[in-house]
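Q: Please take a close look at the ligand site and describe it in one connected account. Once that is done, please set the site in context with a few residues from elsewhere in the chain.

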Amino acid sequence: MIKISPSILASKDRIESIKKLNNTNADYLHIDTMDGLFVPNTQMPLEEILELEKHSKLPLDIHLMVEDPEKYINYLENKNIEYITIHIEIDKDIDYLINKIKSLNYKVGLSIKPNTEVSKLIPYLDKIDLVLIMSVEPGFGGQEFMPDSLEKAKYLRNINKDIILEIDGGIKDTNIDEVKKHVDIAVVGSYITNSTDYNEAINKLKN
Ligand code: DX5
Ligand code: ZN
């Protein structure tokens with residue numbers, strides 16, 4: 001069954017949303033951290049991640065849309081975190097960062113933007129747990145799903161049967177059936193946080 005990682009990026013009251021999500025069938029809590037450099041938006045700085053983590057019963061799935069992930073990773077020791085995902089496009093030593101995340105005993109994800117060539121991931125596939133495929137241009141919630149992103153999922157699944165595939169952006173009831181065929185985890189933001197009943201929305205996506 002597909003796992004759902006709700007994104008609270010667009011929620012008006014993130015702590016309130018977390019409290020609601022704690023009592024749903026969601027699998028993780030997706031945290032979107034943006035530094036205003038890697039993407040043209042600033043969201044969920046380190047202090048907020050630490051605050052939100054305290055309220056969450058769901059393991060965190062942290063998506064670092066930042067140029068310098070080490071600044072964050074260093075302060076995330078001993079938390080309820082499942083995945084820390086960094087972007088392949090940053091101008092940093094990716095191997096070093098992968099090992100840094102592993103040293104804290106978290107699973108490692110690498111994310112790829114819509115216009116980045118999927119083959120860039122190949123040298124890292126044996127060293128990471130998950131690939132996070134962006135199905136929108138990262139930076140904002142509520143955008144339209146880019147169907148081409150599923151081609152990346154098919155390509156990656158073909159060359160690596162074990163890697164966990166996650167997709168992020170524009171996912172809702174109308175495209176989940178197609179998404180499900182190709183990925184293991186769907187990040188879902190506005191479809192859930194705009195709904196009146198979070199668990200009903202999540203169950204609709206899962207079933
Ligand atoms: C976009 C973020 C997403 C976003 C998803 O940069 O990475 O996680 O919050 O929101 P929706 O589902 O509304 O596209
Ligand atoms: Zn995200």
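A: A polar contact is taken here as a pair of N or O atoms within 3.5 Å. The model under discussion is a predicted one, and every distance quoted below is computed from it. By that cut-off, D168 makes a polar contact with ligand 1, because a polar atom of its side chain lies 2.7 Å from an oxygen atom of the ligand. Two further side chains can be described in a similar way. In S7, an N or O atom of the side chain is 2.8 Å from an oxygen atom of ligand 1. For D32, the distance between an N or O atom of the side chain and an oxygen atom of the ligand is also given as 2.8 Å. The protein covers 99% of the 390 Å² that ligand 1 exposes when taken alone.

The elements that supply two or more residues to the shell around ligand 1 are β2 (29-35), β4 (60-65) and β9 (185-188). Of the elements, β2 gives the most, with three residues. In total, 20 residues surround the ligand, and the closest of them are G139, D168, G170, G189 and S190. Sorted by class, this shell holds eight nonpolar, ten polar and two charged residues. The space that ligand 1 takes up is the largest pocket.

D32 deserves a closer look, as its side chain has an N or O atom 2.8 Å from a ligand oxygen. The residue belongs to strand β2. D32 counts as buried because its relative accessibility is 4%, which is under 20%. Its C-alpha atom is separated by 18 Å from that of K172, a residue 140 positions away along the chain.

Elsewhere in the chain, two further buried residues may be considered. K206 is placed in helix α8 (residues 198-206), and its side chain reaches the backbone oxygen of N25 at 2.9 Å. With 11% relative accessibility, K206 is counted as buried, since the limit for that class is under 20%. I128 is found in the loop between β6 (107-112) and β7 (130-134). At a relative accessible area of 8%, I128 is likewise buried. Between the C-alpha atoms of I128 and L110 the distance is 7.3 Å, while the two residues are 18 apart in sequence.

R157 falls into another accessibility class. It is part of helix α5 (residues 149-159), and its relative accessibility of 22% makes it partly exposed. From R157 to T42 the C-alpha distance is 33 Å, with their positions 115 residues apart in sequence.

Finally, the backbone of two loop residues calls for comment. M44, in the loop between β3 (42-43) and α2 (46-55), has a phi near 45°, a positive value in a residue other than glycine. N105, which sits in the loop between α4 (94-103) and β6, is not a glycine either, and has a positive phi of about 65°. In accessibility the two residues fall on opposite sides of the scale: M44 is buried at 1%, whereas N105 is exposed, with a relative accessible area of 71%.

Technical notes. Residues numbered from 1 in each chain as written. Chains lettered and ligands numbered in written order. Predicted model: local features only at pLDDT ≥ 70, side-chain atom pairs only at ≥ 80, totals over all residues. Heavy atoms only, no water. Near = heavy atom within 4 Å. Polar contact = N/O pair within 3.5 Å; in protein donor to acceptor, adjacent residues only side chain to side chain. Areas by Shrake-Rupley, 256 points an atom, 1.4 Å probe, with all protein chains shown as cover. 1 Å grid on protein atoms, 1.4 Å probe; cavity = no way out; pocket = protein on both sides within 12 Å on 5 of 7 lines; lining within 4 Å. Sits in = over half its atoms within 2 Å of the grid points. Helix = DSSP H or I, 4+ residues; strand = E, 2+ residues; numbered from the N terminus. Nonpolar A, V, L, I, M, F, W, Y, C, P; charged D, E, K, R; others polar. Buried < 20%, exposed > 50% of the residue type's maximum accessible area, 1.4 Å probe, protein only.
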